[in-house]
Amino acid sequence: MYQALYRKWRPKAFADVVGQEHITQTLRRQAAQGRLSHAYLFTGTRGTGKTTCAKILAKAVNCQHPVDGDPCNQCQACLGIDNGSLLDVLELDAASNNGVDHVRALRDEAIYSPASVRYRVYIVDEVHMLSTAAFNALLKILEEPPAHLIFILATTELHKVPATILSRCQRFAFRRIRPQDIAQRLRYVAGQEGMALDEDAAELLARLSDGALRDALSLLDQCGASGGAIDTGRVLDVLGLAGNVQTAELMGCVLRREVKEALLLLDRLYRGGKDVGALLSELSTLTRDLLIRMTAPEGGAALLSGGYDSAQLDSLSQGVNPTRLIYMATQLQTTAAALPLSANRRTDAELCLMRLCDEGLCGDVTALAARLARLEEGGAAPVHPAPPRPASVKAQAPPPQDPPPWDEDPAPIPDAPPWEEPDGPPPYGEPVRPAPAPERQRGTPPPQPQAASGGDTLWRDVAEVCKNQLTPMYWFMLDDTSGTLEGDTLTVRCGDELTKETLDTPDISAVIRTAAAGRLGRSVAVRFALGGGEAPAAADKLEDLIRQGSKYDSFTVK
């Protein structure tokens, strides 16, 4: 029967364990000197050698011919532990034996001396799965065990183990194995198995294993099952990955905001059998590399994934700021986390690419910040073009005539804003000239501006004046509001909470009060409220355009 590579090449001595020298040296010295603890706790991520070291330690303390703390792997004790026939060394799975009755039975059996070896060893894997009652039943025997008993506990979630258990054990933390150590071990195993493993493919498998040698051997076993040489292309095809070149190409489309090209490339990869979850994971890794290289160009080289060279990273990072990379990493992580519960993974990946290309599609404050950033960068056009506007009246209006000479005693122009206009707009296309100022007697005080009604006409005039003093970010919000004048209070009604919170500030309120005072001729108070924010009708907007164009194109002083 065929045996998996990770089982066939499981280390049988401390010297064969990869990447855990800080632990194997201590355990070998304890076994050689006989200074053994009654309880050990091995912690660390999957595939780093916890159970392997536990079995090697069990063989080392019971070996009939130990070699400097290592088992000989030839005596009956070593062979019995390897094949599982020695009953004095028992390996338990706490996930399926987590009840208090199982622990009580183990405790009652542990008091008996071993039958054929010196130590009775219990290896409890995934010990964090034990129930609270089972942990309590284990406490007493862990504190005062018989001289012939050794407990070796292993877990991947240290925080779930009670402190009362931790204080009774010697703890050893297993690290993630470095990619170069995993690649070296893969090349050795491939050579022993007669596989033609390319060096680049070994490094790729090492990166994909995320520090777990068992995962790397399983991936090698999967890639070598079809026979032939194992290169990078074979690994990408077998595991359904996109590859560094295609991932970099997709990232380039996203950074250039080319939505169409990004979706077409995703479709090509999807039809080629690539998994969208793995593709988003690769994009997330590349985004992380770009962000680290940009924020820590000198000391961050050791933190990179190693899948992309410096020239490629420099080319992709041209003209990209860290803020956008952080936004992209957040979107990728959020989408990847939601994929297991998605009804259509491909649709979610396409929506993610659209949001990466255009932050304005996310529908939150990020969209507003992105539009403001584009304006600050030089007025770049938005990704989505604005709808066509009506033809300007400026081109149809005749050029302004030269103003007549001043009279000997011209009447002073009233101190009124320029938007005092006739009641009704003139016919469309005809030149519009302001009405002449009424004649008055010398010494008569200039007429004061009349208070307008509290309708939308007043508010639209005030809003237009405010736009000349505010940044473009506030123009859209002012268009979505309405105003009502009640006595000496101007109530600005906003359509949503975001608009109200943005406008209801001391600076914006001061601008609105100044504009309203110039329009009404007296000081008013400004307050903001929710509800009632409606954009002006299209006809009203056209009339405003006609009046504004006429004022600035045909204005003459009488």
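## Notebook: a walk through the predicted model

**Asp181 and its partners.** I began with a side chain: that of Asp181 makes a polar contact with the side chain of Arg178, at 3.1 Å. I'm working from a predicted model here, so everything below is read off a prediction. Asp181 sits in helix α8, which covers residues 179-193. Buried or exposed, I wondered about Asp181? Buried, since its relative accessible area is 17% and the cut-off is under 20%. Then I looked for partners beyond the neighbours within four places in sequence, and found Asp181 in contact with Val18 and Gly19.

**Overall picture.** Next I stepped back to the whole protein. I noted 23 helices and eight strands. There are 558 residues, and 40% of them count as buried. I also checked how far along the chain the contacts reach. Taking contacts between residues at least 6 apart in sequence, 74% join residues at least 24 apart.

**Around β1.** I moved on to the first strand by number, β1, residues 39-44, where Thr43 is found. Thr43 counts as buried because its relative accessibility is 10%, and the limit is under 20%. Which residues does Thr43 touch, once those up to four places away in sequence are set aside? My list reads Lys50, Thr155, Leu158, Phe172, Ala173 and Phe174.

Ser37 was my next stop, in the loop between α2 (21-33) and β1. Ser37 is buried too, at 11% relative accessibility. Its side chain reaches the backbone oxygen of Ala39 at 3.1 Å. Leaving out residues up to four places away in sequence, I have Ser37 touching Ile150 and Gln170. I also looked up a C-alpha distance: Ser37 and Arg168 are 131 residues apart along the chain, yet their C-alpha atoms are separated by 9.8 Å.

**Helix α9, start to finish.** I took α9 (199-208) from its N-terminal end. At the start, a side-chain oxygen of Asp198 reaches to within 3.0 Å of the backbone nitrogen of Asp200. Within the helix I marked Ala201, Ala202, Leu204, Leu205 and Ala206 as buried. A reminder to myself: an α-helix has 3.6 residues a turn, so residues three or four places apart point the same way. What covers the buried residues of α9? The cover includes α8, α10 and α11 (232-239), and α8 is the helix that holds Asp181.

Just after α9 I hit Asp210, which takes a positive phi of about 55 degrees although it is not a glycine. Asp210 is found in the loop between α9 and α10 (213-223). I have Asp210 down as partly exposed, given its relative accessibility of 41%.

**Another Asp with positive phi.** I added Asp68 to the notes: it also has a positive phi of about 55 degrees without being a glycine. The place of Asp68 is in the loop between α3 (50-62) and α4 (76-83). Here the accessibility is 60%, so Asp68 counts as exposed, the cut-off being over 50%.

**Cysteines.** How many disulfides does a search of the whole structure find? Zero. I looked at Cys72 anyway, which is in no disulfide; the nearest cysteine sulfur belongs to Cys63, 3.3 Å away. That pair fails because a disulfide needs sulfur atoms within 2.5 Å. Cys72 is buried, with a relative accessible area of 18%. Cys352 is in no disulfide either, and the nearest cysteine sulfur, that of Cys357, is 9.5 Å away. I have Cys352 at 0% relative accessibility, so it counts as buried.

**Packing of α14 on α17.** Cys352 led me to a helix pair, as it is one of the α17 residues that meet α14. Helix α14 (residues 276-295) and helix α17 (residues 345-357) pack with their axes 10 Å apart, at an angle of about 25 degrees. How do I class that angle? Angles under 35 degrees count as roughly parallel, and α14 and α17 are therefore roughly parallel to each other.

Which residues of α14 and α17 meet? From α14 I wrote down Val276, Gly277, Leu280 and Leu283. Facing them from α17 are Arg345, Arg346, Ala349, Cys352 and Leu353. By type, the residues of this contact divide into six nonpolar, one polar and two charged.

Notes
Residues numbered from 1 in each chain as written. Predicted model: local features only at pLDDT ≥ 70, side-chain atom pairs only at ≥ 80, totals over all residues. Heavy atoms only, no water. Helix = DSSP H or I, 4+ residues; strand = E, 2+ residues; numbered from the N terminus. Buried < 20%, exposed > 50% of the residue type's maximum accessible area, 1.4 Å probe, protein only. Polar contact = N/O pair within 3.5 Å; in protein donor to acceptor, adjacent residues only side chain to side chain. Contact = heavy atoms within 4.5 Å. Axes fitted to C-alpha atoms, helices over the stretch in contact; angles between N-to-C directions. Parallel < 35°, antiparallel > 145°, perpendicular 65-115°, else oblique. Nonpolar A, V, L, I, M, F, W, Y, C, P; charged D, E, K, R; others polar.
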